[in-house]
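Trainee: Please take me through the aromatic residues in this model. I would like a close look at how the rings pair and what surrounds them.

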Amino acid sequence: MAKSNHSAMPEFILSGLTDNPELQAILFGIFLVIYFASVLGNLCLIALIQISPQLHTPMYFFLSHLAFVDFSFTSSVTPNTLANFLREVKSITFYACAIQVCCFITFVVCEQYLLAIMAYDRYVAICSPLLYVILMPRKLCKQIMAGTYVYGFTVGLAQTVATFHLSFCDSNMVNHFYCDDVPLVALACSDTHIKELMLLIIAGFNTLCSLLIVIISYVFILVAILRIPSSEGRQKAFSTCASHLTSITIFYGTIIFMYLLPKSSHSLNTDKFASVFYVIVIPMLNPFIYSLRNQEVKNALKRIKEKLCLVIK
């Protein structure tokens, strides 16, 4: 089946964000700056956590993996999007499209569960501070992350195989700026019932499960914070969650807008620009959110600057 698909549909054409050449040039510049900031911000955050002993805690271990996922997530889409701004025909080969779909789904699922894991980590740190090191040992953290990556890849591979086993025989025009599951399924001329069911069940399960972990964790965190007698103590406890709460709000807010609101309430073009925020902007925001709103990260940066100044002198 996959071979017949490939012979009938050797490549897909992406509709992109706009056909206006002037607007494409402007968007190319904006996307290039955002992508550069995203790559630099996430890689620098990973490096900072690795070289700073004071950041060798479960919270920053998971944060370094969030930075890696964000870097990989945006890199699976943005470079090809930038190249397409410079092309007259925005084409992508059958297999390149399949790889992009698999990577995209893998890293979305990983990010969902990683944000949930980080919420649970904050719950343990605030509600059981004396048992934190015992309940979140390094070995367990590594096992959790390994499981997250394996599960994310399994979901990505299963969804991709199901999509590209469909027959594409009429149009090869994907109404998006990257290869996304939903517009690809819309192109299929074979029965898509099983694939649509997979999309609904798996995507719904992952979103609800990860969001439920986040909500339950923060309910317990809120109860624990309200029990702290001093306002200073409450403020300090809440500040450790502020960056994570900001990331969660942005991430799940965009998912709800894109997938849970009725389609009649927003157009396909609105969905495309929501995808820009979801795929390109959010991976850039996370390292800045965790750097600018986190005192420990700022202190680690300050120490690195002081060491560099001593070396230069």
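Mentor: Start with Phe94 and Phe164, which are both buried. This is a predicted model. The rings of Phe94 and Phe164 form an edge-to-face pair. Their centres lie 5.2 Å apart, with 85° between the planes. Now place the two residues along the chain. Phe94 belongs to helix 5 (residues 94-127), and Phe164 to helix 7 (residues 138-164), so their pair ties together parts that are 70 residues apart in sequence. Helix 7 also has the highest mean pLDDT among the elements of the chain, at 96.

Move on to the wider set. The structure holds 19 aromatic pairs. One of them joins Phe61 and Phe62, again edge-to-face. Here the centres are 5.6 Å apart and the planes meet at 65°. Phe61 has 9% relative accessibility, so Phe61 counts as buried. Phe62 comes out at 0%, and therefore counts as buried too; the cut-off is under 20%.

Stay with Phe62 and look at its surroundings. Set aside neighbours within four places in sequence. Phe62 is then in contact with Leu114, Ile117, Met118 and Asp121, and also with Met136, Cys141, Ile144 and Met145.

Phe62 also matters for the next view, the nonpolar core. The largest such core has 84 residues. Phe62 is among those with the most contacts inside it, along with Phe12, Phe104, Phe164 and Tyr278. Helix 5 gives the most to this core, with 20 residues. Recall that Phe94 lies in helix 5.

Phe104 and Tyr278 turn up once more. Ring pairs link them into a cluster with Phe73, Phe177, Tyr178, Phe251 and Tyr252.

Next, a helix to compare with the rings. Helix 9 covers residues 193-226, which makes 34 residues. At 1.5 Å a residue, helix 9 should span 50 Å; its end C-alpha atoms are 48 Å apart, so the two values agree. Its buried residues include Tyr218, as well as Val214, Ile221 and Ile225. Polar residues are on that list as well: Lys195, Asn206, Thr207, Ser210 and Ser217 are buried.

Last, check the confidence. The chain averages a pLDDT of 87, and 93% of the residues score at least 70. The weak spot is helix 1 (residues 2-8), whose mean pLDDT of 44 is the lowest among the elements. Over residues 1-7 pLDDT stays under 50, and the model has 12 contacts beyond four places in sequence for that stretch. Where pLDDT is low, predicted coordinates should not be read in detail.

Definitions and conventions. Residues numbered from 1 in each chain as written. Predicted model: local features only at pLDDT ≥ 70, side-chain atom pairs only at ≥ 80, totals over all residues. Heavy atoms only, no water. Helix = DSSP H or I, 4+ residues; strand = E, 2+ residues; numbered from the N terminus. Expected span 1.5 Å × (residues − 1). Buried < 20%, exposed > 50% of the residue type's maximum accessible area, 1.4 Å probe, protein only. Phe/Tyr/Trp six-rings, centres within 6.5 Å; stacked < 30°, edge-to-face > 60°. Core = buried A, V, L, I, M, F, W, Y, C linked by side-chain atoms within 4.5 Å. Contact = heavy atoms within 4.5 Å. pLDDT = per-residue confidence, 0-100.
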